[in-house]
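Reader: Hi! Could you take me on a close look at the place where the ligand sits?

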Amino acid sequence: MAQIKKVNQGLIVSKALLRKSGIRPRKRLGQNFLEDPAVIEKIIAHAGFDKNDVVIEIGSGLGALTIPILPYIHHLVATEKDLLLITILKERLSLKEKGKMTFISGDVLKLDFKEIYDKFSKKIRIVGNLPYNISSPFLEKLIINRNYIKNAILMFQYEFAQRLTAKPKNKEYGALSVISQYYARISPLIKIKRDAFYPKPKVDSMVLEMDFTKPYLHQAENEVNFRKTVRAAFSCRRKTILNSLERGIVFASREMIAKALTKCLIDPKRRAETLTIDEYIHLSSILMSDKTIP
Ligand code: SAM
């Protein structure tokens with residue numbers, strides 16, 4: 001009950017707040033503000049925050065998630081590219097709330113995760129209703145910084161989330177699925193209808209958890225090669241795995257690739273979307289056992 005009360009206190013009416021400040025939502029910055037208190041409540045419940053948690057929020061906006069999260073955690077680092085929204089959010093915060101926060105204005109893609117990790121001497125939790133145009137580069141940033149991150153609770157466009165969680169033999173299964181599922185255990189949490197936002201986006205969303213403390217069971221010998229093999233395999237989805245790899249891996253001849261596939265018991269006529277993560281791990285180690293792919 002206490003939690004529901006807090007969430008309702010955090011509920012904002014974005015339209016009214018923006019109108020009062022004389023500003024319009026900026027499409028370019030993916031400004032679709034969360035309005036539904038039931039959704040905010042569910043996100044917080046699924047996140048299971050702890051009083052010692054240090055959280056980085058991606059795009060704090062008008063504070064729809066920020067304010068309700070604050071009572072449950074130790075410190076929140078709010079990143080936001082739109083300086084006007086930071087000003088509005090600061091006005092909505094009590095002194096006590098401000099004391100638990102750091103604001104970083106600017107592009108989250110340039111944020112130094114290690115600096116925050118070092119400052120608090122602990123793994124960070126990430127939360128955010130992501131501006132959708134940065135989904136792919138932000139994911140890449142998370143993967144690069146995975147050693148500083150405990151987990152990430154993120155809202156993505158529904159179709160993007162489906163690609164992240166897709167399994168082999170599905171049309172959504174691609175390089176993004178294989179590489180993301182290699183580095184983190186990904187669990188779909190909540191599907192969110194477009195009506196939960198102002199302004200209403202054209203598509204629905206999905207909240208996912210990416211747990212970087214639980215990567216894939218098996219490890220690749222050389223992760224650079226693993227990623228390159230996966231990307232090359234999916235470079236021509238309609239071709240056979242042999243043809244895609246021949247095109248995507250410049251240093252290896254068709255014969256070498258065919259030999260490696262046979263050694264891994266992979267039929268060269270299969271397509272990239274039928275191979276499992278284990279098969280990609282094995283294939284990358286055979287294909288370039290003694291070198292890093294240029
Ligand atoms: N968290 C708020 C909510 O749920 O209502 C806002 C979410 S809105 C989908 C995305 C927010 O990210 C916007 O406030 C936008 O200004 C901000 N933003 C967009 N691009 C960004 C970037 N590269 N770095 C940091 N913030 C960004």
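Author: Happy to; here is a walk around the ligand and its surroundings. This is a predicted model, in which local features need pLDDT of at least 70 and side-chain atom pairs count only at pLDDT 80 or more, while totals for chains, interfaces and linings use all residues. Residues are numbered from 1 along each chain as its sequence is written, and side-chain values use heavy atoms, with hydrogens and water left out.

Let's start with the neighbours. There are 20 residues around the ligand, and L34, G59, E80, D107 and N129 come nearest (a residue is near if one of its heavy atoms lies within 4 Å). By class, this shell holds seven nonpolar, eight polar and five charged residues (Asp, Glu, Lys and Arg count as charged; Ala, Val, Leu, Ile, Met, Phe, Trp, Tyr, Cys and Pro as nonpolar; the others, Gly among them, as polar).

Now for the polar contacts (pairs of N or O atoms within 3.5 Å). E80 has a polar side-chain atom 2.5 Å from an oxygen atom of the ligand. The side chain of D107 places an N or O atom 2.8 Å from a ligand nitrogen, and for E57 the distance from a side-chain N or O atom to a ligand nitrogen is 3.4 Å. Alone, the ligand exposes 590 Å², of which the protein buries 99% (accessible areas use the Shrake-Rupley method with a 1.4 Å probe).

Methods. A polar contact is a pair of N or O atoms within 3.5 Å; within protein, one must be able to donate a hydrogen and the other to accept it, and residues adjacent in sequence count only if both atoms are side-chain atoms.
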